[in-house]
Amino acid sequence: MSNEQSPLLEMTNISKSFGKIQALRNVTFALNRKEVVGLVGDNGAGKSTLVKILSGVHSPDQGEIYLEGKKVKFSSPADARAAGIETVYQDIGLVNRMSIYRNFFLGREETRTIGFLPLLDLRSMQEKSKKALDSLGIRIRSVTEDISFLSGGERQSISVARSTFFGGKILILDEPTMALSVRESKRILELVAHARDRGVSIIFITHNVYQVHEVADRLVVLERGQKIADLLKKDSTPGQIIEIIATGKVERLK
Amino acid sequence: MRNKALPLSALRKLPEFGALVGFLTFFVIFSAFGKSFFTLSNLSAILTLSAELGILSVAVTLLMVSGEFDLSVSSVYAICALLFIDLGSAGIPSLFVFVLVLAVAAFIGLANGVLTTVVGVPSFIATLGMMMAVRGIIYIFTGGAAFAYKGDLVIPALLSLRFGETLRLSETDPLAYLRPSHVWFLLFIIVFTVLLFRTRYGNHVIATGGHPETARAMGVKTGRVKTINFMICGVMAGMSGIIIAGRFLMVSPTMGQGLELEAIAAVVIGGTSLRGGHGTIAGTLFGVLLVSMVRGGLLMIGAPPYWYSGIVGLILLFATVINLKMR
């Protein structure tokens, strides 16, 4: 980490416990500008905890976070979003019985003052969300439709579209293709590549090493709360990464 | 009946559908069997009952959409009526008493909110405890006796008394049968509809009840939303209590018992989800009108008053089944 330029994001010596379980132990993690990092590891390795600390859901017991060289502290997801860190979760992120455009703008609703009342600007939010989805080639019947009428792939597309719409610098994807069909997964990976091409840095968490190997520049492996490997894609094959995850050891590469 | 081409299929998708059908059904029944159902004084009486239950129920709707219950509204309603009568009778200007009493109501709501969102007591238990505790205070305070109001009539005239009395209108004037509470109810329906569907706060309320983790991840302060809703519930329960105190100009310690469930029934009949995340104020309006019409209408057709709770129970079950199965 001796770049002339500080990395976009640095998390140093992060530790976090939940009761007696130590989820993370002295993890140091960096993300450079326009980089896609695959964060992999077995169940319970601490991947989700690490990104939840970054997205403001949890606060670390120890360790520091630096964004563009400046120390930051997120006490809520809103703080992280305001700093340009957007997260797409596997299972949460959209409210089912709410329309697409209301979900799109949830937490960042647009208002228009009528008289003295700041009322929701429904038309503007509908138009903007429609435009954002259209521009990414996401086809939906109407943005006023409830999320519950959409397929898993459509929902995840909307999550990804939303996270890039608000101009985030860092996009965290937490198992975004977990419950999707092959075709739907491919569509999500295209959206990820699209975001990367527009200059967004991405942290991609997944179980599917082959999938992340395709889009990532670098791969970080966690094992029982510790970082055990940090490899550039060109220095590794998916098979080697899987071996590291399976055995919890890095010997083969040394 | 399952013909998709009928506008009925679009209509019955509305959350208010069950309540609307029930309302029309009972309206027809009472019109057919009750000879005096269509009189001005009777319709006004039903409106009065609707307003007193409804002002509280619109707030309960908001709270239930955010995913919580408030069983303490009945006791808050009673203690606010009691405090209003007691302090007003002591010679304090009723306008001042009104503000003071609503502040007490807001404080009880705040306590419910803190117990639920900060301490983590399920709202069902927290507000059940609050309901019993406040009712206990009422009994201790009154010794079980009823009290009459001896204060000024500013607030009763602004909230409860018939326009016929306050404006000295002739009994042939239809306006004479209306009460300010009817107007307040209408106003609150509009205000709460706008609040729920046309403001940022309303969007946060729906998201909080619809999927709390998602709402939090998107930056919604769900605990704060719920606490504010508990406070709104308290204030509106207090408002209803003062309205009824202003109408009877007296208060009894058993006042409002069972009202908390009646409000929840009206809200659920109106299509609001028990699990939160979904509901409309218009649905609650129909639910409240239905429940109040049954109460007034049963008296009109000469049925024993005990029938009321049984029939409301059946309507509740029926409306819930309609809402579950017809959509």
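What follows is a short chat between a trainee and a mentor about the predicted model above.

Trainee: Before we start, which ground rules apply to this model?

Mentor: Residues count from 1 along each chain as its sequence is written, while chains are lettered from A and ligands numbered from 1 in the order in which they are written. The model is predicted, and local features need pLDDT of at least 70, side-chain atom pairs count only at pLDDT 80 or more, and totals for chains, interfaces and linings use all residues.

Trainee: Cool. In what order do the six strands of the open sheet in chain A run?

Mentor: Strands here are DSSP E runs of at least two residues and helices are H or I runs of at least four, numbered from the N terminus; two strands pair if DSSP finds at least two bridges between them. The pairing in this sheet is mixed, and its edge strands, β6 (85–88) and β12 (226–232) of chain A, each pair on one side only. The order is β6-β9-β10-β3-β11-β12.

Trainee: Which residue is the bridge partner of A:Val221 in β12(A)?

Mentor: Strand β11 (residues 218–223) of chain A and β12(A) are antiparallel and share six bridges. In β12(A), the partner of A:Val221 is A:Ala229.

Trainee: And what angle does helix α5 of chain A make with β6(A)?

Mentor: Helix α5 (residues 152–165) of chain A packs on the sheet, touching β6 and β9 (170–174) of chain A. Contact means C-beta atoms, placed from the backbone, within 7 Å. Axes are lines fitted to C-alpha atoms, for helices over the stretch in contact, and angles run from 0 to 180 degrees between N-to-C directions. The value is about 180°.

Trainee: Which residue in the β4(A)–β5(A) turn has a positive phi?

Mentor: Strand β4 (residues 62–67) of chain A pairs antiparallel with strand β1 (residues 9–18) of chain A through five bridges. β4(A) also pairs antiparallel with strand β5 (residues 70–72) of chain A over three bridges, and A:Ile65 sits opposite A:Val72 there. Those two strands, β4(A) and β5(A), form a hairpin with two residues between them, and the turn residue with phi of about 50° is A:Glu68.

Trainee: Over in chain B, why is α4(B) called roughly antiparallel to α5(B)?

Mentor: Angles over 145 degrees count as roughly antiparallel, under 35 as roughly parallel, 65 to 115 as roughly perpendicular and the rest as oblique. The axes of α4 (residues 73–89) and α5 (residues 94–119) of chain B come within 9 Å. Their contact residues split into 12 nonpolar, two polar and no charged, where Ala, Val, Leu, Ile, Met, Phe, Trp, Tyr, Cys and Pro count as nonpolar, Asp, Glu, Lys and Arg as charged, and the others, Gly among them, as polar. The label applies because the axes cross at roughly 150°.

Trainee: Which helix gives the largest share of the side of chain B that touches chain A?

Mentor: That contact takes 17 residues from chain B and 21 residues from chain A. On the chain B side, five are nonpolar, eight polar and four charged. The largest share, five residues, comes from α10(B).

Trainee: How many of the 11 residues of α10(B) are buried?

Mentor: Buried means 20 or more other C-beta atoms within 10 Å of a residue's own, exposed 12 or fewer, partly exposed in between, with C-beta atoms placed from the backbone. The buried ones, including B:His204 and B:Ile206, pack against elements of both chains, among them β8 (117–120) of chain A and α12 (222–248) of chain B. The count is nine.

Key
Contact = placed C-beta atoms within 7 Å.
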